Amino acid sequence: MLSIHRLTAGEGYTYLLKHVAPGDVDRRMATPLTAYYAASGYPAGRWLGGGLSGLGNGELVAGNQVTEHQVAALLGRAEDPITGRTLGAPYRIYKTAKDHIAEQLRALDPAMTPAERNLAIEQIRKGAARLRTRQAVAGYDLTFSPVKSVSALWATADVGIQEQVVAAHHEAINDVLGLIEQQAVFTRSGHDGVAQLATRGVIAAAFDHWDTRSGDPQLHTHLVVANRVQAIDDGQWRTIDGRFLYAAAVAMSEVHNALLADNLSRRIGVTWHLQERGERRNPAFEIDGVPEELIHEFSSRTDQIEANLADLLAGRGDDVHPPSRREMYVLRQRATLMNRPAKHLAKPLADMMRSWRERAEHVTCGQTAATIEKVLNQARDRPLTAADLSAETIHAYGATTVLALQTKRSTWTRWNLLAEAARQTRLLRLSTTEDRLQVLETIVHDAERQSISITPPTFFTTPLDRADGQSVFTVHNGEIFTSPVILGAESLLLDLAAKLKGPTISRHHLAAPNLSDDKVRALHRIASSGQTVEALVGPAGTGKTSLLAALRTSWEAEHGEGSIIALAPSAAAATVLSDTLALPADNVAKWIHEAVGVAGDQRNHWISELEQAAQAAEASGRRRRHHRITAELARAYAERDRWRFRPNQLVIVDEASMAGTMELATLARAADMAGAKLFLVGDDAQLGTANVGGAFRLVARDTAAAELSDVWRFSKDWERDVSLQLREGQPQVIDLYDQHDRLSHGSLEDMENAAYTAWQADTAAGRTTLLIAADNATVARLNARARLDRVNTGEVEPNGIVLHDGNHVGLGDHIVTRLNNRRLRIGQRGFVQNGNRWTVIRRWDDGSLTVENDDLQTVTLPSKYVRESVELAYATTAHRAQGATIDTAHLLVTDKLTRGLAPSRRTGLM
């Protein structure tokens with residue numbers, strides 16, 4: 001896996017130098033890691049990259065050891081580490097908050113009264129506190145981390161195998177770096193950087209590390225790429241165009257995974273498999289034979305925190321007086337921080353290896369060596385060469401690449417194709433790096449031919465071309481593609497939105513009691529438009545509930561009972577819609593599965609067989625058999641009708657912006673064939689689907705859809721207009737929230753703590769509240785903190801079952817189920833749904849959980865479901881919070897939170 005992080009100028013790089021092993025080591029060893037086997041600390045860095053040739057007199061070459069002086073010159077001051085000359089322009093120095101305060105204080109009017117001056121100073125300081133001090137980008141930390149089974153194998157094998165694993169790891173890094181230099185490292189020139197220039201390569205320093213903060217083995221390498229490159233055309237030093245480095249990151253990560261797998265198979269004979277990790281997670285690509293228990297053993301975090309806390313509590317030496325909440329909070333902070341220094345302990349690698357092997361022996365019952373021996377030398381087949389793959393095979397892989405992409409996104413670039421081609425071929429073993437890259441290139445080229453380019457052609461030529469033959473004014477790998485299937489689905493939706501033969505409502509059947517003007521206008525349009533597909537844009541808080549209720553009453557008055565079908569993209573949203581309309585509602589995927597998917601095909605096949613059997617029984621005069629078959633056929637027809645649209649029905653899809661394009665096209669086609677109307681309700685400015693999306697916005701904008709504009713949800717007048725401004729992305733809205741004390745600001749650690757503390761206070765006060773973060777990692781961390789606090793207060797048992805995100809769950813915990821399972825029934829009609837919240841009332845020895853919801857309904861979740869599809873419910877992502885009705889919310893805003901993920905419906909922001 002490859003991840004990228006920016007390094008700031010100044011001291012952004014120093015953490016990589018703090019723990020390099022001092023003193024002499026035996027540098028005759030084949031790899032740096034075996035050379036440093038007995039040393040205390042990590043290996044010194046080594047120089048890499050084609051850009052080294054432009055430094056000094058060429059004496060700095062790949063493989064040379066990195067010195068602290070050299071790194072300080074290059075990353076700290078943008079200087080040549082050999083000659084000291086500045087490479088291009090010096091790093092920009094940005095004003096700090098103190099600089100802004102000083103400037104504004106000097107500009108104050110001397111004639112101000114003391115009170116006026118004090119008020120002005122307070123406003124200046126408050127404004128400066130919101131400023132984010134910018135820092136120049138000195139470089140990029142490209143971290144290469146093999147999958148956990150590789151680190152587990154490396155940590156428990158003998159030194160000979162370890163050396164081969166590290167060599168394979170280094171080879172893959174070098175090969176990927178070469179590909180990055182060819183395909184993703186450019187600089188810019190001209191006005192606004194309009195010209196994209198090729199470079200000689202990067203200046204990079206590679207630092208090998210071998211453990212995580214929690215002390216687990218994790219072989220990984222930080223490849224620090226300096227933000228200075230030399231253009232081929234004019235030899236000038238400029239900065240890297242980081243946009244394309246980030247655009248290539250996923251593809252390079254997938255290529256790295258494949259190359260490392262090839263290298264390890266060649267060197268030590270391991271084989272590979274895809275390991276399923278549940279419905280909602282991508283399969284893991286792991287080495288065959290490495291025990292799952294060993295991988296789990298080397299993936300600890302929460303266990304250590306809770307163990308540290310137990311040690312701290314025991315160390316108090318006071319069994320009489322339990323710790324106060326304040327003391328417990330301090331102990332919890334200490335328990336968490338106790339795990340972090342483990343990454344920086346200056347222990348010899350040999351000592352760490354000894355500890356890891358002891359842990360492995362415990363997990364494998366003393367069979368570690370035998371287990372590892374079985375993993376090695378399993379590869380029996382000759383690795384493939386590029387010539388072994390026929391044109392038909394390449395075409396098939398190109399097709400699967402496009403098919404996989406079109407289920408996840410509506411458009412893609414060459415980078416997306418390369419990433420997907422690497423995923424599709426990762427179980428193939430190739431003989432050399434050249435064979436792997438050639439195979440990927442031919443598959444990507446074939447996939448491009450199976451895609452449709454939607455990038456406008458260039459109608460002019462320039463004399464300025466890069467080495468790849470493209471104009472410097474053309475973005476490398478910037479062409480955008482889509483597929484005929486996606487274009488066909490979008491065209492179908494637009495055609496049916498323009499088709500005015502759908503069912504309508506006569507004016508005398510319209511019921512609009514107490515509706516606002518915008519809702520009356522929307523109701524009249526829906527009733528009379530005749531569009532087969534129609535959209536309604538309804539921002540949060542604008543009262544869609546009352547409009548849909550009036551629409552149901554009006555539509556059924558015209559077309560009779562059963563003329564409304566209610567659907568939503570998720571089971572949770574379907575439940576909300578069902579409550580709104582007082583009608584049964586299903587999720588879209590379920591309807592498609594039953595109507596035209598696998599279940600529908602099976603049902604139609606069964607009906608066809610029954611019809612043939614009925615005809616045969618009637619022809620042979622077997623009346624009793626004919627009667628039985630006819631009765632069964634009637635039941636089959638009834639079940640089929642349940643999943644069929646009928647003439648004059650209104651098919652309402654709520655939260656339609658979260659429905660995929662393919663799904664909406666399927667519904668639209670079925671509605672049109674039946675003579676029904678598809679009505680899409682949602683907000684295109686909020687959350688979109690995780691699959692191929694954009695269809696709701698496309699229909700809404702193409703048809704100038706009705707839009708609700710009067711906000712009713714907020715109790716405070718100022719929030720109504722401000723919520724719409726936030727939805728539209730108007731930046732001045734931030735100041736308005738700040739003026740009403742709805743914002744706090746500071747470091748990520750401080751704000752995470754502030755959001756959690758505010759949520760905890762609201763929870764203690766009995767308010768319905770949400771703690772919301774942008775990413776799953778932060779949510780998992782906040783959930784772990786909340787659980788630990790509840791363990792400390794005795795509300796939750798300290799032990800529990802390990803969940804897929806590493807957290808534990810036990811008696812008293814609040815959880816959320818993350819997968820629909822209709823076999824887990826609740827009451828007469830309910831079932832366990834994605835997004836349901838529960839409290840654990842019993843934990844069984846086999847890993848099952850008996851849980852209870854707010855309506856006091858209970859169900860026992862099987863152990864497999866618990867492991868794969870249960871999470872703690874103290875914190876949540878914005879997607880999961882969609883549609884929740886709450887008293888307060890505390891939203892942790894980071895650079896991962898887009899405007900669509902910062903929904904205006906929240907009652908509080910943090």
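**Notebook: aromatic pairs, cores and one helix**

I looked up Phe-645 and found it buried, with a relative accessible area of 9%. This is a predicted model, and I kept that in mind throughout.

Next I checked Trp-591: at 4% relative accessibility it counts as buried too, because the cut-off is under 20%. I searched the whole structure for aromatic pairs and noted six. In one of them, the ring centres of Trp-591 and Phe-645 lie 4.4 Å apart with planes at 15°, so I put the pair down as stacked. I then traced where the partners sit: Trp-591 belongs to helix 21 (residues 588-595), while Phe-645 is in the loop between helix 23 (623-642) and strand 17 (650-653). They are 54 residues apart, so the pair links distant parts of the chain.

I turned to Tyr-756 and Trp-759. Their ring centres are 5.6 Å apart and the planes meet at 40°, so this pair is tilted. Both residues are in helix 28 (residues 748-764), and being three residues apart they are separated by about one helical turn. I noted both as buried. Tyr-874 joins Tyr-756 and Trp-759 in one aromatic cluster.

I went on to the nonpolar cores. The largest has 83 residues, and Trp-154, Met-252 and Trp-356 are among those with the most contacts inside it. Helix 6 (residues 159-183) gives this core its largest share, 10 residues. I listed what Trp-356 touches beyond four places in sequence; the partners include Trp-154, Trp-210, Pro-217, Phe-298 and Leu-349. A second, separate core holds 34 residues, including Leu-492 and Val-651.

I took helix 14 (residues 391-406) as a single element to follow. Its 16 residues reach 23 Å from first C-alpha to last, close to the 22 Å expected. Its buried residues include Ile-394, Tyr-397, Val-402 and Leu-405. The buried residues of helix 14 pack against helix 15 (414-424), helix 16 (433-450), helix 17 (484-498) and helix 24 (661-674).

For the whole chain I wrote down 30 helices and 31 strands. Buried residues are 50% of the 910. The chain exposes about 43,300 Å², with 51% of that supplied by carbon and sulfur atoms.

Last, I checked confidence. The average pLDDT is 82, and 83% of the residues score at least 70. Residues 339-343 stay under 50, with 18 contacts in the model beyond four places in sequence. Residues 903-910 are also below 50, and that stretch has 44 contacts beyond near neighbours in sequence. Where pLDDT is low, the predicted coordinates should not be read in detail.

Methods:
Residues numbered from 1 in each chain as written. Predicted model: local features only at pLDDT ≥ 70, side-chain atom pairs only at ≥ 80, totals over all residues. Heavy atoms only, no water. pLDDT = per-residue confidence, 0-100. Contact = heavy atoms within 4.5 Å. Helix = DSSP H or I, 4+ residues; strand = E, 2+ residues; numbered from the N terminus. Expected span 1.5 Å × (residues − 1). Buried < 20%, exposed > 50% of the residue type's maximum accessible area, 1.4 Å probe, protein only. Areas by Shrake-Rupley, 256 points an atom, 1.4 Å probe, with all protein chains shown as cover. Core = buried A, V, L, I, M, F, W, Y, C linked by side-chain atoms within 4.5 Å. Phe/Tyr/Trp six-rings, centres within 6.5 Å; stacked < 30°, edge-to-face > 60°.
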